[in-house]
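Reader: I would like to know what stands behind the labels used for this model. Please give the cut-off each time, then the value.

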Amino acid sequence: NLLACSQTAKPANQQSWQTQIQGGSRQSPIDIRSSESVHDPQLTPLSISYDPSDCLQIWNNGYSFLVEFDDSKDNSVVSGGPLENHYKLKQFHFHWGAENNRGSEHTINSLVYPAELHLVHWNAEKFRTFDEAIFSENGLAVIGVFLKLGRKHDGLQKLVNALPAVKYKDSTVEFSNFNPSCMIPSCLDYWTYPGSLTTPPQTESVTWVIMKKPIEFGDDQLSAFRSLLFTPFGEKLENMVDNFRQQQPLMNRVVRATIL
Ligand SMILES: NS(=O)(=O)c1ccc(C(=O)NCc2cccc(F)c2F)cc1
Ligand SMILES: [Zn+2]
């Protein structure tokens, strides 16, 4: 008939107001409902090994601050768990809120954490560069670690002390000999699901590994994150806060959980 059907079928839990990329079916972040996750006995522990000498610099890219690694060698890698290949660490960054009641991108049974760490790795067995992997199925593996407020995190302080040098968008500072292993929880239990980048271009190339246990850090350390700026030197000061994306519909995905 001439009248186009206005009521196209939408996946049951897709909300019209969700900022869905065109036809996105596996967007991130999501709310992880632990009761709906599937315990998968085949999920082995993650094998994570980082070389602090691969650490190069910190860069304020106007979304977050990235600690970037030399991915020309094979020293800082993650494998095992849900990953078919070994993935090289490219950078890590954080997402946080203006206030303590928001900040993380993923949530656990709707529980929000004040910040979330993302360790971004790319599949160096299947692709030649990070830029190629970012646009490819199984191209990236991002380890997410929740941060909760409590005791000061001694390992993080070296990073916090460098932040004033990258206050403005597009500033960078040399940063070396930092081992990101200090930010991995001692409990290696995790959830895993197929998803996307949480910032543009939101490509659906990410195997997400979300650690079940948070790490702790101090109020002053979170304040240092919040004193960064979205804006370049000379422009209106806009504090870098609330740099997290809204949760996206699960659609037909299953979140798997370890039983370690
Ligand atoms: N928050 S997250 O962990 O999901 C995430 C991880 C990495 C990137 C990224 O590298 N973007 C820059 C970038 C680099 C190369 C090519 C790109 F298209 C691109 F967006 C964005 C989001
Ligand atoms: Zn991120």
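Reader: Are His 93 and His 118 buried or exposed?
Author: Both His 93 and His 118 are buried, the term for under 20% relative accessible area, with exposed meaning over 50% and partly exposed in between (1.4 Å probe, protein chains only). The model is a predicted one, where local features need pLDDT of at least 70, side-chain atom pairs count only at pLDDT 80 or more, and totals for chains, interfaces and linings use all residues. Residues are numbered from 1 along each chain as its sequence is written, chains are lettered from A and ligands numbered from 1 in the order in which they are written, and side-chain values use heavy atoms, with hydrogens and water left out.

Reader: What makes Ser 223 partly exposed?
Author: The relative accessibility of Ser 223 is 39%, so Ser 223 falls between the two limits and counts as partly exposed. Ser 223 sits in helix α3 (residues 219-226). From Ala 124 it is 99 residues away in sequence and 36 Å away in space, C-alpha to C-alpha.

Reader: Which atoms coordinate the zinc ion (ligand 2)?
Author: NE2 of His 93, NE2 of His 95 and ND1 of His 118 coordinate the zinc ion (ligand 2), at 2.0 Å. A donor is an N, O or S atom within 2.8 Å of the metal (3.2 Å for Na, K and Ca), and these atoms pass because 2.0 Å is within that limit. Water is not among the atoms, so sites may look incomplete. The donor residues follow the spacing H-x1-H-x22-H in sequence. Distant parts of the chain are linked here, with His 93 in strand β7 and His 118 in strand β9, 25 residues apart.

Reader: Why is the site of the zinc ion (ligand 2) called tetrahedral?
Author: Four donors count as tetrahedral if all angles lie between 85 and 135 degrees. The four donor atoms of the zinc ion (ligand 2) make angles of 98 to 118°, so the site is tetrahedral.

Reader: Why is β9 described as largely enclosed by the rest of the structure?
Author: Nine of the nine residues of β9 are buried, so the description follows. One side holds Ala 115, Leu 117, Leu 119, His 121 and Asn 123, the other Glu 116, His 118, Val 120 and Trp 122, and all are buried. Strands (E, at least two residues) and helices (H or I, at least four) are DSSP runs, numbered from the N terminus.

Reader: How do you know that β7 and β9 pair?
Author: Strands pair if DSSP finds at least two bridges between them. β7 and β9 have nine bridges, so they pair, and the sense is antiparallel. Glu 116 in β9 stands opposite His 95. β9 also runs antiparallel to strand β10 (residues 140-149), with eight bridges, and there Trp 122 has Leu 140 as its bridge partner.

Reader: How many bridges join β6 and β7?
Author: Two bridges join β6 to strand β7 (residues 87-96), antiparallel, so the pair meets the limit of at least two. Val 78 stands opposite Tyr 87 in β7. Six residues lie between the strands of this hairpin, where Gly 81 takes a positive phi near 55°.

Reader: What are the classes in the lining of the largest pocket?
Author: The lining has 13 nonpolar, ten polar and six charged residues. Ala, Val, Leu, Ile, Met, Phe, Trp, Tyr, Cys and Pro count as nonpolar, Asp, Glu, Lys and Arg as charged, and the others, Gly among them, as polar. β7 gives the most to this lining, with four residues.

Definitions and conventions
Four donors count as tetrahedral if all angles lie between 85 and 135 degrees; four count as square planar and six as octahedral if opposite donors are over 155 degrees apart and all others between 65 and 115; anything else is irregular.
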